[in-house]
There are 2 protein chains.
Amino acid sequence: MSNGMAEVNAALIQRLSDIVGPGGALTEPADVEPHVVEWRDLYRGRTPLVLRPGSTEEVSRILALCNETRTPVVPQGGNTSLVGGSIPFDGNDEVVLSLSRMNRVLEIDPLNDTMLVEAGTVLANIQQAADDADRLFPLRIGSEGSCQIGGNLSTNAGGVAVLRYGNARDLVLGLEVVLADGRVWNGLRGLRKDNTGYDLKQLFVGAEGTLGVITRAVLKLYPKPKAQRTAFVAVPGVRPALDLFSLARGIAGDRLTAFELMPRIALDMVRKNVPGVTDPLQGRHPWYVLLELSAARESDMGTMAEDLLAEAMEKGLVVDATIAASERQSKALWHIREEISGAQKPEGGSIKHDISVPVSKMAEFIERADAAVAALIPGVRSVAFGHVGDGNVHYNPLQPAGADKAAFLARWQEVNDLVHGIAHDLGGSISAEHGLGRMKREEILRYKSDVEMAMMRSLKATLDPNGILNPGKTI
Amino acid sequence: MSNGMAEVNAALIQRLSDIVGPGGALTEPADVEPHVVEWRDLYRGRTPLVLRPGSTEEVSRILALCNETRTPVVPQGGNTSLVGGSIPFDGNDEVVLSLSRMNRVLEIDPLNDTMLVEAGTVLANIQQAADDADRLFPLRIGSEGSCQIGGNLSTNAGGVAVLRYGNARDLVLGLEVVLADGRVWNGLRGLRKDNTGYDLKQLFVGAEGTLGVITRAVLKLYPKPKAQRTAFVAVPGVRPALDLFSLARGIAGDRLTAFELMPRIALDMVRKNVPGVTDPLQGRHPWYVLLELSAARESDMGTMAEDLLAEAMEKGLVVDATIAASERQSKALWHIREEISGAQKPEGGSIKHDISVPVSKMAEFIERADAAVAALIPGVRSVAFGHVGDGNVHYNPLQPAGADKAAFLARWQEVNDLVHGIAHDLGGSISAEHGLGRMKREEILRYKSDVEMAMMRSLKATLDPNGILNPGKTI
């Protein structure tokens, strides 16, 4: 696709490059390449220029000039999007704006439990800085070693700690944002209460860079839990897993910090395709839950994990269980969960979904989706795993063993229609945590009301009247 | 003020009344009166018509007609605003839209921990419905017996449980909203994760009815804590109180569910002006903290409260303390906190502020504000109390004993300037939880940047182009 705008001309490239100075502008194909290819290689684009500004002021000047010249801008963090949100189209008429040089932790206030960071700071570095200050920054996702906080906020990232700490939206108190025309909005407040008009930061969180470019953020920190228990638990089915979730919430409250569901097939694939992984439990069980409890100190943990599992077994919700006896064992259990995505790859084509439904509808969703997909493609292997405590499941039908991969993947849209249709029917969402990006921008039109789309379009037109910010994504 | 629009004529009154049917339209002065007077009598207005629709459909038809005829509409819940947000002006050219007949709890989903309610449902009834389902709806504010959830959401209400559960914004998953032109947006999702475009509900939460009218909401429920401890604690000063807060967060984590600060003068006034209140502790201390711990069950509470207070005493952060031994004693301690507002009234004029600052700046704020106000008005008695764990303090300089009330209150703006200026200087807000309404609509212009005001105005123009929704409030 082209945005119908002229290719970026040499004079403009020069003017933009001048703003960021030497080293801040990339034009050589080898330098540009990592910024125009999605990491799974699902999306590839072209750009004549990657800009790497070093300050908010430079971002401001870039956007002002791009707005004036109607030059489309693709804001980019760690480029770990799963929906093509950070990749330019192939018209060679868009400039990539990488925040990666703005990567400093600027301030930590332990008593206020806040941290001021630049948008390009890698998530793992933020986690580490919090840890160094005896605090926790709880956002925890697979790509944390390379994704950047600006991207996390722009996509309202989720991950494995949402159950307790919420999505990225819930972890930010203030933002600095450069608007489409280059104006800078300083909303860097470190306040837990501020009712002085519209909460503007909410507009930019989850907007995937289409309404403004986040340059700095005030993040919320939490006390660091000093005691944890990781349990790997066999459950007889999805419904008992949900009952176990309810029981665990009742007993542990907020000390239940993770609750991840996975089917036997996922465990089998991880064991087969990832070296060194063993089965934590004896026997074969249809479903498993990885469960984590956290407490402020060891004395508050006590026998909570053991009591919970004993009660769950008595009620028939848990068939077998193991509690990690060491940090190393805990990591081994988490390793199984983290490798599920990768372990599917050698098994052939996989049609991915990132859906959410009310927690009370989760079992019905999986049952209906399994039946519908199996009826459409006999022999399909459904891998349903993820953050079931949030009502969020990654539902990935995998090609029948030995079937033709291309033929299977050709049915992507058909399968999407079925799975998304069932999620929608149950009051759910077709993108729980990955966003819309390029992948679901058209798809969402089938599920949102005209009123909602009209409201979204009017916000876009209000904040980015020339449509220069990440055009063709989200909306 | 008049909105420069024509008075509502008889024909229009008839057409609007026809929408809601008999009993849904109030025009008799005695019936209208409760809807045009603020409960503290700080604001009075006029209206020819109070509409009490019984359904979203009726709200939609009312707004469509008002938009077409450019008739201003004042949305109203329980009319408990502290900033005049729900009162019409005196031009007799605005219609009041009361949601009070839409007052049903429609659905509770215990496994998803959600509740679907109509906007006019009284907060206490929602709390009760949650309790009946063995769940907690944690919003807890002084006016809970009469305020309505639509108003709570429109003003992003705070209260005493924000520390643990967040503001009203954090307690809502989905909204149904009637837009200015009568279109209905159904965003009634019960999902904890949904990244499919802009999070539109955020626009209406805290907008004080200026961008749309909330008609229904999906609320978040929580497990009901089965064990609680209420402690009343004497501390040597504000800084030690903040250190105590930090210690308590570290030990109890989320089981610290309230942390309210009050000065000796507040306790004295409550004892003097409220019958039956005794001093919970011996001796006189400069500051007190009311602290609440909550746990899922008694076995999780254990000796946490005792351990915390022992450690705090050892560190010199707490001078004396008592833990309520019964529900009755706990209520008596909370009663002191709840009566502080009322107990100031017999003492004369009081210039009220609802400020927030980063928690780490709270002591500095109180010290600087005390010094500045005392320098301006010798003998002034500063009453600083409230949700200090959220960085939110109600800072109320009270007239010098025996001074002239009117002369003192005449200095309202001068005192505001001082106090708000100090809060702003410390990165704070001039309205932490009460909103802007009429009271602070002009005042805020001094503290917000031009960029922020321009963004707010453009949102208002986008969503309410004819300016019919609560004009003259907030923005």
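Tutor: One thing before we start: UniProt positions are given in the numbering used here, feature names are shortened, and an annotation may be inferred rather than shown by experiment. Keep in mind too that this is a predicted model.

Student: Okay. Which residues of chain A does UniProt give to the feature "domain: FAD-binding PCMH-type"?

Tutor: An unreviewed UniProt entry places that feature at residues 43-224 of chain A. In the model, the span is 20% helix and 24% strand, and its end C-alpha atoms are 38 Å apart.

Student: On to the two chains. How much area is buried between chain A and chain B?

Tutor: The general idea is that the size of an interface is often given as the accessible area lost when the parts come together. Here the figure is about 6,600 Å², with carbon and sulfur atoms giving 54% of it. On the chain A side, Lys193(A), Asn195(A) and Tyr198(A) lose the most area to chain B, together 16% of what that side buries.

Student: And how many residues does each chain bring to the contact?

Tutor: Chain A brings 83 residues, and chain B brings 83 residues.

Student: How many polar contacts and salt bridges should I look for across it?

Tutor: Look for 45 residue pairs in polar contact, counting pairs with both residues at pLDDT 80 or more. Several elements of chain A each supply at least two residues to the side that touches chain B: helix 6 (162-165), strand 9 (184-187), helix 7 (201-204), helix 8 (238-252) and helix 17 (450-463). Helix 17 of chain A gives the largest share of that side, 10 residues. By type, the side splits into 31 nonpolar, 30 polar and 22 charged residues.

As for salt bridges, side chains of opposite charge can pair when their charged atoms come close. Between chain A and chain B the count is 16. One to pull up is Asp300(B) with Arg255(A), where the closest N and O atoms are 3.1 Å apart.

Student: What turn lays chain A on chain B?

Tutor: A turn of 180°, with a shift of 0.0 Å along the axis and an RMSD of 0.0 Å. That's the relation of a two-fold axis. Gln202(A) has the C-alpha nearest the axis in chain A, at 3.2 Å. Both copies use the same surface, too: 100% of the contact residues of chain A recur in chain B.

Student: Which side chains does Asp199(A) make polar contacts with?

Tutor: Start with its place: Asp199(A) sits in the loop between strand 9 and helix 7 of chain A. Its side chain is joined to that of Gln202(A) by a polar contact of 2.9 Å. Across the interface, the Asp199(A) side chain also makes a polar contact with the side chain of Arg169(B), at 3.3 Å.

Student: Which parts of chain A does the salt bridge of Asp134(A) and Lys224(A) tie together?

Tutor: For context, the whole structure has 76 salt bridges over all chains. In this one, the closest N and O atoms of Asp134(A) and Lys224(A) are 3.7 Å apart. Asp134(A) is in the loop between helix 4 (123-132) and strand 7 (135-136), and Lys224(A) is in the loop between strand 11 (222-223) and strand 12 (227-235), so the pair links parts 90 residues apart in sequence.

Student: Last one: where in chain B is Ala372(B), and what does Ala372(B) touch?

Tutor: Ala372(B) is in helix 14 (residues 362-376) of chain B. Leaving out residues up to four places away in sequence, Ala372(B) touches Leu418(B) and Ile422(B). Ala372(B) and Ile422(B) are 50 residues apart in sequence, yet 9.1 Å apart in space from C-alpha to C-alpha.

Technical notes. Residues are numbered from 1 along each chain as its sequence is written. Chains are lettered from A and ligands numbered from 1 in the order in which they are written. This is a predicted model: local features need pLDDT of at least 70, side-chain atom pairs count only at pLDDT 80 or more; totals for chains, interfaces and linings use all residues. Side-chain values use heavy atoms; hydrogens and water are left out. Contact means heavy atoms within 4.5 Å. Buried area is the accessible area (1.4 Å probe) that two parts lose on being put together, summed over both. A salt bridge is a side-chain nitrogen of Lys or Arg within 4 Å of a carboxyl oxygen of Asp or Glu. A polar contact is a pair of N or O atoms within 3.5 Å; within protein, one must be able to donate a hydrogen and the other to accept it, and residues adjacent in sequence count only if both atoms are side-chain atoms. Helices (H or I, at least four residues) and strands (E, at least two) are DSSP runs, numbered from the N terminus. Ala, Val, Leu, Ile, Met, Phe, Trp, Tyr, Cys and Pro count as nonpolar, Asp, Glu, Lys and Arg as charged, and the others, Gly among them, as polar. Copies are superposed by least squares on the C-alpha atoms of residues with pLDDT of at least 70 in both.
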